[in-house]
Each structure stands twice: as C-alpha cells, then as structure tokens.
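This report walks through a protein model for a reader at the bench, beginning with one helix and its end, then turning to the backbone of several loops, and closing with the chain as a whole.

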Amino acid sequence: MHNDTPTTQQGTSLLIRLHPKDSVAIARISISAETDLGQGLIAQDRIPAGHKIALEAMPKGANVLRYGEVIGRATQDISRGGHVHSHNLAIDTLEREYAYATSQTPLTTPRCDREFMGYVRPNGDVGTRNYIGILTTVNCSARVARAIARKFEKDPFSDHDPLAEYPNVDGVVALTHKTGCGMSDEGPLRILRRVIEGYATHPNMSHVVVIGLGCEVNQISGILQGNEAVRRLTIQKSGGTRKTVESGIEFVKGVLDEANAIQRRTVPASALKLALICGGSDGYSGISANPALGKASDLIVQQGGTVILSETPETWGAEHLLTRRATTQEVGEKLIERIQWWRDYADLHGVSLDANPSPGNKAGGLTTILEKSLGALAKGGETRLAEVIEYAEKPSKAGLIFMDAPGYDPVQVTGQIAGGANLVAFTTGRGSVSGSKPAPTVKLATNTPMFQHMIEDMDLNCGTILDGTESIEQCGTRIFETLLAVASGERSKSETLDFGDEEFAPWTIGPVI
C-alpha cells in the first residue's frame, strides 16, 4: 500500500494508492472539490469517501489501473484530480493472460501448534457448534419443519426456555427452502441433494431429521441411503401435518440428552474449515478487511486448516491471479472452465457479469466487476490454490479451496457450509446483516464509521488499517485469534441476534416445470 500523498490532521494520508502503477487513488475520507492534495494534484470534484480520484489525466479509451491491474477503460476524457466512477469508467472487452502453477510461493508445511475447543463426531469430523437440525426435501414440508423447531424456541417475552436443561445444545434449527419439486431430476436435483446431504452430515449437527411430503421429485428415499444416523419422515406416510409434527417433536426430545452429553475438547486448528465471504462491499473492502482476512486465511492454512473461497462471478477479472497460484495446471484450468461457464450462462440469459457491483457497492465506491473481483480475491491470502470444487461439494484436500458458486451471499454460504465449512468470516463495508446456522458467522467491518454505526452487528473493526492504528498483518492476526475463540464457543454478533434460519438458500438452476 503506497501512501505518498498529504496527510490529515491525524497523520494519515488523505489518499491511498495501492500500487505504484495505479492511475487512481482511493479517498480515505470525503474530499471537497478544489482541495489541494499536494504535488500539483487538485481535486476537480467532490470525492466521496472510498471513491477513486484520477492521479493522472486519462484520455477516452485509456486503461484505468487499481491494484496494479486494469479495472476498466475511461469512457470519456478524465482530468487529473477528477472523480473516477460509473459516469466515466466501464468495461467492454477484457482479455486476461493466463499462466498456470507459476507461483514461487512454496507449498505450506503445517505447523499444527494452535488449538481450539471443538466437538469431535464419531467419524472424526470436528464441529464448532452443536445443533439439532430439521431439514426438508421440498417446500411443501417447510411448515411442518418450522412447527417442530418452534416447540423448542425460547420465548422472548418470558423466561420459558425448553432447552434450559441442555446447555450444550445450541438450538433446534429448521432449514427450509422453496424448491424440491417441479424440477429436473438431472443437475438441479443433484445440487439440491448435495446441499441437503451436506447439512445432514455436517459436524455442527449432532442429530438431524429430514421431512418430506411424499410425492415430490426430491424423494426422501434418494437422500443419504444407508445412513441410519439421519431420521426420515414423510407427511403423507405419517398421516398428515399434526402427526408428522408430533413425530418430529418426539424425535428431538428423544435425542436431546445424547446431544447435550457431547462435550467440547481440545482439537488442532487444522480442523478449522472457514468459509470466506464478502457482501455489501465498498471501496475499502480490498484495502482493509479483505486483505486482513487474507492474512488470517494464510494463518489457518499454515496450521493445516482449510479456507473456502467462492463467488465465481465476483472472481471474473481476477482469475488470472489465481491460476498462477494453482498447485497444478489441472487445478488452474478447472477454475477457467467455471469462469467460462458463468460467461456462457450470463450470455444465455441476456445479462452481463458486470451487472455486479450492486447499487450499494457503487455507492461505496466500487465501479466495475473487475475492481470488485480484485478486491474480493484478497480474502484468499497468498497461499497456493489446492483444489477447485463444485457447489456444495466437500473438499478432498486441506488448504485454499475454490468452490464454484453465485455471488449472492445466502446462496454462496449455503454451498460452503454444505461443503463442510464449520465457521464463516464475512467482510462488509456497507453493513450486511446475516448469519448462517449451523456455522457461526464473524462479521468484519471495512471502516470505522460503519463499525461504530452498526456495532451490534459487527464483530471486528478492520477500519483500524485505514485509521493508521494497525497494520494488515496485525489485523489479520486479531481476526485469526477471534476465529479460534468463536470456534471454541464464543458467540458472534449474528448468533446473539439469532440470524441463520432464513439464510439457508440452495442454488437453484434450471426451469421450474
């Protein structure tokens, strides 16, 4: 990070230049028009906090660089000191030069010297939470699933808590969805089943019951064949709604003692499987929270753990950097194959991948998907890319994993958790509020004003990097320590607010028939 511009009264620079090649810098605070920024640079417009200012004059058609990479082309002449955003910056065609497995970063040898307190399941998997799950095969059984879970909810207006005698049980959660029928029995159904099976066998679940209707395309008999640890109920076979609810409640009551008897014990940090996600991003995301999370990701990988990077549409434009970090050419080529799938998918539906950033992202200073992707990639740190996997697929390796998934936060994180993530780290600049049962979510704010404004939702402030009070490395270490504490049972802000039921959103592809 290159801060070679004038400083504020607090001693930090007004602008942040991320790379010596960059033709733009980022405003640390809102800058008024005609502000003298030194070295002959005068702000020609008001530059909102987090937005870009031109460090040099750029003619129409010129490449605009941030992070030392092209983020788009000038759509009109841009004056030195001018505001660079959607009105004068866009992308048309883009060709990235791919290279495979060329990184000189050595493969990590796990240190295995850090631990946390986790739940060790009979198959050896390690959980960070201890839930009883109510899953559904189809939307038609959602009402029944919710009725079962509601029986075990704490009354917010009284002291009545059905789980008060079971302190080691984090809750009974119903995770429902809007599909399961009227769909193809090919790809879309395979994805849905992979999600349900991933949650049903997730190490953060002690016991699970799956509820079906009986006549749906997603037949309950096709889910987890031979797995006796998962209870199955169908409404039609059970005799209707009331009888199914009663059976589900009886099941939960019957396993509560067993679930509560499970104790946390010391496990190596290699058991961490962290989902990386950014949402409600702003112009600071790629400067503070994302690279700090990247440092924490590297620390987890150094311990032999796993971090799952995702959101393929928000990797487009930065994928050439990941292919260089691939452990093999095959791994890099699989990533490019998924990027091409998304380009074809967008063309098929008459949309552009540059439809992202969202309006909130743009208000926060992000202009093009290339700019957003380059900043989002920072969450993955600097370690080698070990594997590229399908949506909701379980990694076969430890280390940095890329999972193909949409950029939409709930759909993405649902896939990551189905793939085994037992913890979630979520960076946000605009202030996203969400959670992700059964995996606890840690929220990382990119800037201090938002952190202070939404302090009840944010776990950590990474705006300290912008404020000049902490380095990226120091913040990354703080994130790592917080992740270990939350994995050991410390409750995150989203857990305190009881987020995580509604965010279960399996990826739906294909027509509704």
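Helices, here, are DSSP runs of H or I that hold at least four residues, and they are numbered from the N terminus. With that in mind, in this predicted model the helix H13 is followed by Gly-489, a residue whose phi is positive, near 125°.

Helix H13 itself covers residues 472-487, and because each residue should add 1.5 Å, its 16 residues are expected to span 22 Å, which agrees with the 22 Å between its end C-alpha atoms. The buried residues of H13 include Ile-472, Ile-479, Phe-480, Leu-483, Leu-484 and Val-486, and Cys-475, Gly-476, Thr-482 and Ala-487 are also among them.

**Backbone in the loops**

Two residues that are not glycine have a positive phi, and the table sets each beside the loop in which it lies.

| Residue | Phi | Loop |
|---|---|---|
| Gln-39 | about 55° | between strand S2 (24-27) and strand S3 (52-54) |
| Tyr-67 | near 60° | between strand S4 (63-66) and strand S5 (69-74) |

Is Gln-39 buried or exposed? Its relative accessibility is 62%, and because a residue counts as exposed when that value is over 50%, Gln-39 falls in the exposed class.

Another loop, the one between strand S19 (423-428) and strand S20 (441-445), holds Pro-438. The peptide bond that leads from Lys-437 to Pro-438 is cis, and its omega is near 10°.

**The chain as a whole**

The secondary structure of the protein comes to 14 helices and 21 strands. The radius of gyration is 24 Å, close to the 24 Å that the globule rule gives for 513 residues, so the protein is as compact as a globular protein of that length. Taken along the principal axes, the box that the C-alpha atoms fill is roughly 80 × 45 × 45 Å.

Of the 513 residues, 59% count as buried, while the protein exposes about 21000 Å², of which carbon and sulfur atoms supply 49%. When contacts between residues at least 6 apart in sequence are considered, 69% of them join residues that are at least 24 apart.

As for charge, the protein has 50 positive and 60 negative charges, and the mean positions of these two sets are 3 Å apart.

Key:
Residues are numbered from 1 along each chain as its sequence is written. This is a predicted model: local features need pLDDT of at least 70, side-chain atom pairs count only at pLDDT 80 or more; totals for chains, interfaces and linings use all residues. Side-chain values use heavy atoms; hydrogens and water are left out. The radius of gyration is taken over C-alpha atoms; the globule rule is 2.2 Å times the number of residues to the power 0.38. Buried means under 20% relative accessible area, exposed over 50%, partly exposed in between (1.4 Å probe, protein chains only). Contact means heavy atoms within 4.5 Å. Accessible areas come from the Shrake-Rupley method with a 1.4 Å probe; for residues, only the protein chains shown count as cover. Lys and Arg count as positive and Asp and Glu as negative; His and the chain ends are not counted. The place of a charge is taken as NZ of Lys, CZ of Arg, CG of Asp or CD of Glu. The expected span of a helix is 1.5 Å times one less than its number of residues.
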